[in-house]
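Q: Could you take a close look at one part of this model for me? I would like to follow how its side chains sit against one another.

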Amino acid sequence: MAAYGSVSSRRIAGDTTQPVQIYNAPPGSGPNPWKVIIVLEELSVPYYITWVSYSDIKAEPYISINPNGRLPSIKDPNTGITLFESGACIQYLVSHYHTEYKLSYNASQDVQEYWACNSWLHFQMSGQGPMFGQKMWFTHFHKEKELTTNLERYGDEVKRIIGVIDAHLRKQRRQSERHVWLVGNVCTYADIAFIPWDLLLLVRLFPDGDLGAEQQFPTFYEWHQRVISRPAVRKVIGMREECTRTMDDTATAVIEKQNAK
């Protein structure tokens, strides 16, 4: 496993928490690790990134950390916990470090809201991630280019998923005069989990311009802009942009090898 250095969050004075280790791959173009990193930033949990080449994530020693050979994974030296899958990592971090309820609700006081956050996280994991990922793959990376049926299928699913969020947020707006979020009246980990894939949605998933999110899904678009304006989210977006601009791209060679088969 080749490490490519680390990026550490700023430590809070007097905090004795050891940094959580999170695995990512250069150049940081994949969205899933950044979901977890945003949560770490929002919760002010110290962390550092271990960079592992895409060519190494399906081999030892990394597959002993993540048997699926995907990113991200985390190791928490404070508890001895090792986890893979971004949703599991987020749930763990919120459960263990969310003492001030910045990103969720108190399970004993706000039972509906607490579990509703979990529902939206699972929707992100089962709906947004897979469908957006397939649209990304067939748009940019698949070796066969005449793929009208595939692109239409996944393009329609992407729009359907955005429509689900847009419709839900419109209902939320009718019930509250405050800014609307997926659950209740505060931004939670459920909102944050969607952001890294939505960033790709707005710039890469529909290069032909066949989306118009601001016009077709205005409540979704407004919500997205509100989430990315949060200081912790802005910081991580800037970090991701710097990484993709300056780091070696270890993904391209793996994609070319897959397409050569």
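A: Contact here means heavy atoms within 4.5 Å. With that in hand, let's begin at helix α8, whose buried residues pack against α4, α5 (189-193), α6 (195-205) and α9 (231-246). Helices are DSSP runs (H or I, at least four residues), numbered from the N terminus. Please keep in mind that this is a predicted model, in which local features need pLDDT of at least 70, side-chain atom pairs count only at pLDDT 80 or more, and totals for chains, interfaces and linings use all residues. Residues are numbered from 1 along each chain as its sequence is written, and side-chain values use heavy atoms, with hydrogens and water left out.

Helix α8 spans residues 218-228, and its buried members are T219, F220, W223, H224, R226, V227 and I228; buried means under 20% relative accessible area (1.4 Å probe, protein chains only). Of these, R226 has its charged end over the ring of W181, 4.8 Å from the ring centre. Such a placement needs CZ of Arg, or NZ of Lys, within 6 Å of the ring centre and within 35 degrees of the ring normal. K135 has a similar arrangement: the charged end of K135 sits over the ring of F206, 4.3 Å from the centre.

Two other residues of α8, F220 and W223, form one aromatic cluster together with W120, F123 and F194. Rings of Phe, Tyr and Trp (its six-membered ring) pair if their centres lie within 6.5 Å, with planes under 30 degrees apart stacked, over 60 edge-to-face and the rest tilted. That rule gives eight aromatic pairs. In one of them, W120 and F123 are edge-to-face, because their planes meet at 80° with ring centres 5.7 Å apart. Helix α3 (residues 111-140) holds both W120 and F123, three residues apart, or about one turn of the helix. An α-helix has 3.6 residues a turn, so residues three or four places apart point the same way. W120 and F123 are both buried as well.

Another pair is F138 with Y154: ring centres 5.7 Å apart and planes at 5° make this pair stacked. F138 belongs to α3 and Y154 to α4 (residues 148-175), so the pair ties together parts that are 16 residues apart in sequence. F138 counts as buried at 14% relative accessibility, and Y154 is buried with a relative accessible area of 18%. Helix α4, where Y154 lies, also brings us back to the start, as α4 is one of the helices that the buried residues of α8 pack against.

Notes. Helix = DSSP H or I, 4+ residues; strand = E, 2+ residues; numbered from the N terminus. Buried < 20%, exposed > 50% of the residue type's maximum accessible area, 1.4 Å probe, protein only.
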